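The following exercises concern one protein chain. Please study the sequence and the structure, attempt each task, and then read the worked solution.

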Amino acid sequence: MQTEKASERDIKLMDRVLREARNAFAYGGAGVAALLASPDQIIAVAHNTIQETGDLTNHAEMVLLHGVSRELQEMHEQKRHAFTLYVTLSPA
């Protein structure tokens with residue numbers, strides 16, 4: 001399996017999502033975070049909220065996608081479909 005070398009942008013965005021995970025962990029969370037980016041902007045950053053809410057479905061990537069679903073629909077209507085999801089832990 002071939003792997004791509006991470007770009008400078010990928011590294012910066014991964015650093016940003018890791019900061020979110022560390023902040024969540026510092027406040028008693030699981031320390032898992034996700035970031036969604038288009039080619040020109042960060043769309044959203046979220047962290048796992050299972051401990052805060054008791055909802056076992058509140059994984060970081062799900063919290064993020066629920067929070068931006070309307071914005072993603074608008075982007076889809078504008079034919080803006082290129083997104084990258086950065087997550088500090090692979091989904092189960």
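Two strands pair if DSSP finds at least two bridges between them. The model used here is predicted. The mean pLDDT of the chain is 89, and 95% of its residues reach 70 or more.

**Exercise 1. Determine the order of the strands in the sheet and identify bridge partners across it.**

Solution.

Step 1. Begin with β1 and β2, which pair in the antiparallel sense over 6 bridges. A hairpin of 2 residues joins β1 to β2.

Step 2. Turn to strand β3, residues 84–87, which pairs with β1 in the antiparallel sense over 4 bridges.

Step 3. Combine the pairings: the 3 strands form an open sheet in the order β2-β1-β3, with antiparallel pairing. β2 and β3 are the edge strands, each pairing on one side only. On average, neighbouring strands of the sheet are turned by 15 degrees against each other, direction ignored.

Step 4. Locate individual partners. Leu35 stands opposite Val45 in β2 and opposite Tyr86 in β3. Ala34 has Val87 of β3 as its bridge partner.

**Exercise 2. Decide whether the two faces of β1 are covered or open.**

Solution.

Step 1. Recall the general pattern: in a regular strand the side chains alternate between the two faces of the sheet.

Step 2. Sort the residues by side. Ala33, Leu35 and Ala37 lie on one side, Ala34, Leu36 and Ser38 lie on the other, and all are buried.

Step 3. Conclude that both faces of β1 are covered. Because 6 of the 6 residues of β1 are buried, the strand is largely enclosed by the rest of the structure.

Step 4. Consider a helix beside the sheet: α3 lies across β1, β2 and β3, running at about 130 degrees to β2.

**Exercise 3. Identify the largest nonpolar core and the elements that contribute to it.**

Solution.

Step 1. List the members. The largest nonpolar core has 11 residues, among them Val32, Leu36, Ile43, Leu64, Val68, Leu72 and Met75.

Step 2. Assign the contributions. Two or more residues come from each of β1 (33–38), β2 (41–47), α3 (60–67) and α4. β2 gives the most, with 3 residues.

Step 3. Note that there is a second, separate core of 7 residues, including Leu13, Ala21, Ala33 and Leu35.

Step 4. Examine one member of the largest core. Val68 touches Leu36, Ile43 and Ala44, not counting residues up to four places away in sequence.

**Exercise 4. Find the salt bridge of the structure and describe the setting of its two residues.**

Solution.

Step 1. Recall the principle: side chains of opposite charge can pair when their charged atoms come close.

Step 2. Search the whole structure; 1 salt bridge is found. Arg16 forms a salt bridge with Glu20, and their closest N and O atoms are 3.8 Å apart. This distance meets the cut-off of within 4 Å.

Step 3. Place the pair in the chain. Arg16 and Glu20 are separated by about one helical turn, because they are 4 residues apart in helix α1 (residues 8–26).

Step 4. Compare accessibility with the limits. Arg16 has a relative accessible area of 26% and is partly exposed. Glu20 has a relative accessible area of 16% and is buried, since buried means under 20%.

**Exercise 5. State where Arg70 lies and whether it is buried or exposed.**

Solution.

Step 1. Arg70 belongs to helix α4, residues 69–77. Among the elements of the chain, α4 has the lowest mean pLDDT, 83, and α1 the highest, 95.

Step 2. Arg70 counts as exposed, because its relative accessibility is 67%.

Methods:
Residues numbered from 1 in each chain as written. Predicted model: local features only at pLDDT ≥ 70, side-chain atom pairs only at ≥ 80, totals over all residues. Heavy atoms only, no water. Salt bridge = Lys/Arg side-chain N within 4 Å of Asp/Glu carboxyl O. Buried < 20%, exposed > 50% of the residue type's maximum accessible area, 1.4 Å probe, protein only. pLDDT = per-residue confidence, 0-100. Core = buried A, V, L, I, M, F, W, Y, C linked by side-chain atoms within 4.5 Å. Contact = heavy atoms within 4.5 Å. Axes fitted to C-alpha atoms, helices over the stretch in contact; angles between N-to-C directions.
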